[in-house]
Amino acid sequence: GEAHATDAARRFAVDTRPRLADLAVAVRAAEQMPAQRRRTAYRSIGAELDRLEVTLLRHLGVQG
C-alpha cells in the first residue's frame, strides 16, 4: 500500500505522471496524422513507454 512506498517510488510516480499525460496527448495527436507520421510518432511513444517500463520494473525489483 501507500504506507509502504519508498521515497524513490514516490519520486518516480510524481516524475512519471506528467510524462504519461504528455504521452497520452501525443497518442491522441498521432491519431490525426498521416500514416507515415503516425507510425513514426507511435514508435517514439512506444520507445518512451519502454524506458518507463524498465524503470518501473527496477523499482519493483523485477529487473536488475
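Here is a short walk through the salt bridges of this predicted model and one nonpolar patch on its surface. Because the model is predicted, local features need pLDDT of at least 70 and side-chain atom pairs count only at pLDDT 80 or more, while totals for chains, interfaces and linings use all residues. Residues are numbered from 1 along each chain as its sequence is written, and side-chain values use heavy atoms, with hydrogens and water left out.

Let's begin with the charged pairs. The structure holds three salt bridges, each being a side-chain nitrogen of Lys or Arg within 4 Å of a carboxyl oxygen of Asp or Glu. One of them joins the side chains of Asp7 and Arg10, at 3.0 Å from N to O. Both residues sit in helix α1 (residues 7-30), three residues apart, so about one helical turn separates them. Helices here are DSSP runs of H or I with at least four residues, numbered from the N terminus. Asp7 is exposed at 55% relative accessibility, whereas Arg10 is partly exposed at 33%. For these labels, buried means under 20% relative accessible area, exposed means over 50%, and partly exposed lies in between (1.4 Å probe, protein chains only).

Next, please find Glu48. Its side chain meets that of Arg19 in a salt bridge of 3.4 Å, N to O. Glu48 lies in helix α2 (residues 35-60) and Arg19 in helix α1, so this pair ties together parts that are 29 residues apart in sequence. The two partners also differ in their surroundings: Glu48 is buried, with a relative accessible area of 16%, and Arg19 is partly exposed at 33%.

Glu48 has another partner, Arg51, and here the closest N and O atoms are 2.7 Å apart. Arg51 and Glu48 are three residues apart in helix α2, so they are separated by about one helical turn. Arg51 is partly exposed, with a relative accessible area of 48%. Through their shared partners, the salt bridges join Arg19, Glu48 and Arg51 into one network.

Finally, turn to the nonpolar surface. Leu56, Leu60 and Val62 make a patch of about 290 Å². Patches are made of residues with over 30% relative accessible area and no salt bridge; like charges are joined within 9 Å, and nonpolar side chains (Val, Leu, Ile, Met, Phe, Trp, Tyr) within 5 Å. The areas come from the Shrake-Rupley method with a 1.4 Å probe, and for residues only the protein chains shown count as cover. Leu56 belongs to helix α2 and is partly exposed at 38% relative accessibility.

Terms used. Helices (H or I, at least four residues) and strands (E, at least two) are DSSP runs, numbered from the N terminus.
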